Amino acid sequence: MLKELILSTLLYTPVVDSDDLHKEISCMTHNVYHEARNQGTAGRLAVMAVTINRVNDERFPNTICDVVYEGEHRKHPTEDRLKPIINRCQFSWYCDGLPDSIKYPQIWHEIYTLAEKVIEGEYRVPDITDGATHYHADYVYPSWADTKTKTIEIQDHIFYRWEQNTKKDF
């Protein structure tokens, strides 16, 4: 019974085309680095879980990169590319208007290695967020929090599940 319970809580890592593998791992690493670089493994895995749970949920995009960079964009004024609109993204680091440079390469490498092992399925980890698709820092209280089911607090993040989940066919 315990074995079945543990297996039922493992993250269902999306299948990634080998051509896109490095890109998807890099997108996950960016997200975790900017959202949880100052946290331990549990905090980092929790952010990965939310990202993966979104990929596996019909209400969100189908790839890690599309989930990480989801938000409103507009044409860059001087370049031929889109830029995110400030404070209109799913993950605040992406559209806070601050540089997204990597100041701590050792931490980046640690997170990349963890993301690589999780995405490639080498590490089969339980979803310690209990299906969370949202989270926020514990020093803010976003308006959407009342519409979600709180699942757990890990370090300085509070995690929530968006009920009435319509899972994709696996």
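The lining of the largest pocket is a mixed one, with 12 nonpolar, 9 polar and 6 charged residues. In this predicted model, the pocket holds about 770 Å³ of space. Its lining comprises 27 residues, and those closest to the centre are E35, S92, Y135, H136 and A137. Three elements, α2 (21-36), β2 (82-89) and β3 (134-137), each contribute at least two residues to this lining.

A step back to the overall layout helps to place these elements. The protein chain contains 5 helices and 5 strands, which follow one another from the N terminus in the order α-α-α-α-β-β-α-β-β-β. Of the 170 residues in the chain, 41% are buried.

Two of the helices deserve a closer look. For α2, a rise of 1.5 Å a residue predicts a span of 22 Å for its 16 residues, and the end C-alpha atoms do lie 22 Å apart, so expectation and model agree. This helix is mostly covered, with 12 of its 16 residues buried. The buried set consists of E24, I25, S26, C27, M28, T29, N31, V32, Y33, H34, E35 and A36. E35 thus appears in the buried set of α2 and also among the residues closest to the centre of the largest pocket. Helix α3 (41-55) gives a similar picture. Its 15 residues should span 21 Å at 1.5 Å a residue, in agreement with the 21 Å between its end C-alpha atoms. Here 13 of the 15 residues are buried, and α3 too is mostly covered.

Aromatic contacts come next, and the model holds 8 aromatic pairs. In one of them, the ring centres of F60 and W162 are 5.7 Å apart and the planes meet at 75°; because an angle over 60 degrees counts as edge-to-face, the pair is assigned to that class. F60 sits in the loop between α3 and α4 (64-68), while W162 belongs to the segment after β5 (157-161), so the pair ties together parts 102 residues apart in sequence. The two partners can also be told apart by their accessibility: F60 is buried at 7% relative accessibility, whereas W162, with a relative accessible area of 29%, is partly exposed.

A further pair joins F91 and Y135, whose ring centres are 6.2 Å apart with planes at 40°, so this pair is tilted. The contact links distant parts of the chain, since F91 lies in the loop between β2 and α5 (105-119) and Y135 in strand β3, 44 residues apart. Both F91 and Y135 are buried. Y135 has already been met as one of the residues closest to the centre of the largest pocket. Elsewhere, ring pairs link Y69, W93 and Y94 into a cluster.

Charged groups also meet aromatic rings. The charged end of K148 sits over the ring of W162, at 4.8 Å from the ring centre, and W162 is also the ring partner of F60. In a second case, the charged end of R37 sits over the ring of Y33, again 4.8 Å from the centre. Y33 itself is one of the buried residues of α2.

Finally, the backbone offers two points of interest. Most residues other than glycine have a negative phi. D130, although not a glycine, has a positive phi of about 60°. D130 is found in the loop between α5 and β3 and is partly exposed, at 48% relative accessibility. Q155 likewise has a positive phi, near 50°, and is located in the loop between β4 (149-154) and β5.

How values were computed
Residues are numbered from 1 along each chain as its sequence is written. This is a predicted model: local features need pLDDT of at least 70, side-chain atom pairs count only at pLDDT 80 or more; totals for chains, interfaces and linings use all residues. Side-chain values use heavy atoms; hydrogens and water are left out. On a 1 Å grid over the protein atoms alone, a cavity is a set of points where a 1.4 Å probe fits but cannot get out, and a pocket is an open set with protein on both sides within 12 Å along at least five of seven lines; lining residues have an atom within 4 Å of a point. Grid points are joined across faces, edges and corners, and a volume is the space filled by probe spheres set on the points. Helices (H or I, at least four residues) and strands (E, at least two) are DSSP runs, numbered from the N terminus. Ala, Val, Leu, Ile, Met, Phe, Trp, Tyr, Cys and Pro count as nonpolar, Asp, Glu, Lys and Arg as charged, and the others, Gly among them, as polar. Rings of Phe, Tyr and Trp (its six-membered ring) pair if their centres lie within 6.5 Å; planes under 30 degrees apart count as stacked, over 60 as edge-to-face and the rest as tilted. Buried means under 20% relative accessible area, exposed over 50%, partly exposed in between (1.4 Å probe, protein chains only). A charge sits over a ring if NZ of Lys or CZ of Arg is within 6 Å of the ring centre and within 35 degrees of the ring normal. The expected span of a helix is 1.5 Å times one less than its number of residues.
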